[in-house]
Amino acid sequence: LKDILESAGLRKPAKIDYMSVDAEAAEVEIFRDFPFGEFDISVISVEVQAKNYYDLDVIFSTANYAKVAVLGGDHVYAKLSRELRFPEGAGEWHRMLS
């Protein structure tokens, strides 16, 4: 995904208002190491499966995005204007759930 966006000239300071990703169950692998800081993407919709939606929620929340909608099999994430701060102890709670 990074290479596709770069080849289209969409690295910062370019702004991407909306991006939709449907990668046939490879979404976690695509976004796990995606350099969110190198791109200014306001809204991303991602097709999810029951087995990977939690992982995608963690990836996007860590990258400062919030889930704003669930549209059928797509989850929609919007970039937050301020940094997301997790409650104290959230990291330990997350490790216990993993």
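Buried means under 20% relative accessible area, exposed over 50%, and partly exposed in between, with a 1.4 Å probe and protein chains only. The model is predicted, so local features need pLDDT of at least 70 and side-chain atom pairs pLDDT 80 or more, while totals for chains, interfaces and linings use all residues. Residues are numbered from 1 along each chain as its sequence is written, and side-chain values use heavy atoms, without hydrogens and water.

**Exercise 1. Determine the order of helices and strands in the protein.**

Step 1. Helices (H or I, at least four residues) and strands (E, at least two) are taken as DSSP runs, numbered from the N terminus.
Step 2. There are four helices and four strands.
Step 3. Along the sequence they follow the pattern α-β-α-β-α-β-β-α.

**Exercise 2. Compare the radius of gyration of the protein with the value for a compact globule.**

Step 1. The radius is taken over C-alpha atoms, and the globule rule is 2.2 Å times the number of residues to the power 0.38.
Step 2. For 98 residues a compact globule would have a radius near 13 Å; the protein has 14 Å, which agrees.
Step 3. Along the principal axes, the C-alpha atoms fill a box of roughly 40 × 30 × 20 Å.
Step 4. Of the 98 residues, 30% are buried.

**Exercise 3. Which residues of helix H3 are buried, and what covers them?**

Step 1. In H3 (residues 53–62), the buried residues are Leu-56, Ile-59, Phe-60 and Ser-61.
Step 2. Their cover, by contact (heavy atoms within 4.5 Å), includes helix H2 (27–32) and strands S2 (40–47), S3 (65–71) and S4 (74–79).
Step 3. Just after H3, Asn-64 takes a positive phi of about 75°.

**Exercise 4. Describe the backbone at Pro-13, Glu-24 and Ala-25.**

Step 1. The peptide bond from Lys-12 to Pro-13 is cis, with omega near 15°. Pro-13 is placed in the loop between helix H1 (2–7) and strand S1 (15–21).
Step 2. Glu-24, although not a glycine, has a positive phi of about 50°. This residue is in the loop between S1 and H2, and with 63% relative accessibility it counts as exposed.
Step 3. Ala-25 has a positive phi near 75° and lies in the loop between S1 and H2. At 32% relative accessibility, Ala-25 is partly exposed.

**Exercise 5. Analyse salt bridges of the structure, including those of Glu-6, Glu-38 and Asp-40.**

Step 1. The criterion is a side-chain nitrogen of Lys or Arg within 4 Å of a carboxyl oxygen of Asp or Glu. Side chains of opposite charge can pair when their charged atoms come close.
Step 2. A search of the whole structure gives five salt bridges.
Step 3. Glu-6 pairs with Lys-2, with the closest N and O atoms 4.0 Å apart. The two are four residues apart in helix H1, so about one helical turn separates them.
Step 4. Glu-38 pairs with Arg-11, the closest N and O atoms being 2.2 Å apart. Glu-38 is in the loop between H2 and S2 and Arg-11 in the loop between H1 and S1, so this pair ties together parts 27 residues apart in sequence. Arg-11 is partly exposed, at 35% relative accessibility, and Glu-38 is partly exposed at 28%.
Step 5. Asp-40 and Lys-79 meet in a salt bridge at 3.3 Å, N to O. Asp-40 belongs to strand S2 and Lys-79 to strand S4, so the pair ties together parts 39 residues apart in sequence.
Step 6. Salt bridges with shared partners join Lys-2, Glu-6, Arg-11 and Glu-38 into one network.
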